[in-house]
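This note sets out points for a colleague who is examining the structure shown below. The points move from the overall fold to the core, and then to individual helices and residues.

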Amino acid sequence: MDGREDQDDVPGHRWFFRGMRQIVSIPATILMAAFVGFAGLARESGVGLWEAILLAGGIWALPSAVVLVGAVQTNASLAATFIAVSLSSFRLMPMTVALVPVMRNERTGRLTLLFLSHFVAVTAWVFGMTRLPDLPRSARTAYFAGFAITLACAAMATTAVSHVAAARLPVVLAAALTLLTPLYFLVSLWGAARVSTDRLALLTGVAVWPVFHWLEPEFELIWTGLAGGTLAYGAGRLAAARQARRRTAEEASA
């Protein structure tokens, strides 16, 4: 019996606990540091302790929670807040669509996938896309669940402790911890990119963001994503077409 067959015999609950142990990692540590900053931001915005904990676990994706807190700060209407948070979370849908075929097996139920889809954010997505392909397919759902659920619970606990301790945390330090989030997301997405078009989309997004921040600061993320992704997709298609024509010309001249 080889090592892969041994792994196939490991029960699901052990894979779940193995996934839980991955919480002790640099990505999870950076994310928790970002939630320290989020708790300070929530407290300064008048968001109570339990509301902040609910935002951390209920919305889960930190950028969307920050958008909601920002709406509270500006006294935005409920409809505008709903649209802003929904649009911010919409970016997670293609990530979920890409992760599900990697994670599921023939016995994975739809309710399980729907439940776990709540925990798909950048950290969990990068973890799943990089770690799950090396595991037996029967173990992937439990392994991902162990990591993602533990990560969300740790974020809620970090938010609770940080919200209480925020009064003693310097404002500059809290803001610096919040800024760790976009930096970490950028590095993680770059590492998880599988094709050059993905990296080109990241670079294009970084390049055009200042323009949209100046033109339309309330919707800068949406326009940056649309412009960066569209330009990268177009460039990728042109490069692929050029390579195809070059191969055709080489085959014709051979």
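1. Contact here means heavy atoms within 4.5 Å. On that basis T159 touches F35, F38, A39, A52, I53 and A56, with residues up to four places away in sequence not counted. T159 lies in helix α10, and at 0% relative accessibility T159 counts as buried. The model under discussion is a predicted one.

2. Overall composition. The chain holds 13 helices and zero strands, so the reading of its elements from the N terminus is α-α-α-α-α-α-α-α-α-α-α-α-α. Of the 254 residues in the chain, buried residues make up 37%. Among contacts with a separation of 6 or more, 76% are between residues 24 or more positions apart.3. The nonpolar core. In soluble globular proteins, nonpolar side chains tend to be buried together. In this model the largest nonpolar core has 49 residues, of which F35, W60, L132 and F144 touch the most other members. At least two residues of this core come from each of α3 (26–44), α4 (49–58), α5, α7, α8 (110–117), α9 (122–131) and α10. Helix α10 gives the most to the core, with 10 residues.

4. Surroundings of F35. Which residues does F35 touch, not counting residues up to four places away in sequence? They are A56, W60, L62, A155, T158 and T159. F35 is also one of the buried residues of α3.

5. Helix α3. The buried residues in α3 are A28, L31, M32, A33, A34, F35, G37, F38, A39, G40 and A42. At 1.5 Å a residue, the 19 residues of α3 should span 27 Å, and the end C-alpha atoms of α3 are 28 Å apart, which agrees. Just after α3, G46 takes a positive phi of about 90 degrees.

6. The W60 backbone. Most residues other than glycine have a negative phi. W60 is not a glycine, yet has a positive phi of about 70 degrees. W60 sits in the loop between α4 and α5. Is W60 buried or exposed? Buried means under 20% relative accessible area, and W60, at 4% relative accessibility, therefore counts as buried. A reviewer may wish to look at this residue with its core role in view, as W60 is among the residues that touch the most other core members.

7. Helix α5. For the 12 residues of α5 (residues 62–73), a rise of 1.5 Å a residue should give a span of 16 Å; the end C-alpha atoms are 16 Å apart, in agreement. L62, S64, A65, L68, V69 and A71 are buried in this helix. An α-helix has 3.6 residues a turn, so residues three or four places apart point the same way. Helix α5 is followed by N75, whose phi is positive, near 55 degrees.

8. A buried serine. S64 is placed in helix α5 and, at 0% relative accessibility, counts as buried. Not counting residues up to four places away in sequence, S64 touches I59, V85, S88, S89 and R91.

9. Packing of α7 against α10. The axes of helix α7 (residues 92–103) and helix α10 (residues 137–165) come within 8 Å and cross at roughly 130 degrees. The two helices, α7 and α10, are therefore oblique to each other. On the α7 side the contact is made by L99, P101, V102 and M103, and on the α10 side by R137, R140, T141 and F144. By class, the residues of the contact of α7 with α10 comprise five nonpolar, one polar and two charged. F144 also appears among the residues that touch the most other members of the largest nonpolar core.

10. An exposed valine. V97 is found in helix α7. What is the relative accessible area of V97? The value is 58%, and V97 is exposed. V97 and S117 are 20 residues apart in sequence, and their C-alpha atoms are 9.2 Å apart in space.

11. A pair distant in sequence. R14 is in helix α2 (residues 12–21) and is partly exposed, with a relative accessible area of 43%. R14 and Y143 are 129 residues apart along the chain, while their C-alpha atoms are separated by 8.4 Å.

Methods: Residues are numbered from 1 along each chain as its sequence is written. This is a predicted model: local features need pLDDT of at least 70, side-chain atom pairs count only at pLDDT 80 or more; totals for chains, interfaces and linings use all residues. Side-chain values use heavy atoms; hydrogens and water are left out. Axes are lines fitted to C-alpha atoms, for helices over the stretch in contact, and angles run from 0 to 180 degrees between N-to-C directions. Helices (H or I, at least four residues) and strands (E, at least two) are DSSP runs, numbered from the N terminus. Angles under 35 degrees count as roughly parallel, over 145 as roughly antiparallel, 65 to 115 as roughly perpendicular and the rest as oblique. Ala, Val, Leu, Ile, Met, Phe, Trp, Tyr, Cys and Pro count as nonpolar, Asp, Glu, Lys and Arg as charged, and the others, Gly among them, as polar. The expected span of a helix is 1.5 Å times one less than its number of residues. Buried means under 20% relative accessible area, exposed over 50%, partly exposed in between (1.4 Å probe, protein chains only). A nonpolar core is a set of buried Ala, Val, Leu, Ile, Met, Phe, Trp, Tyr and Cys residues joined through side-chain atoms within 4.5 Å.
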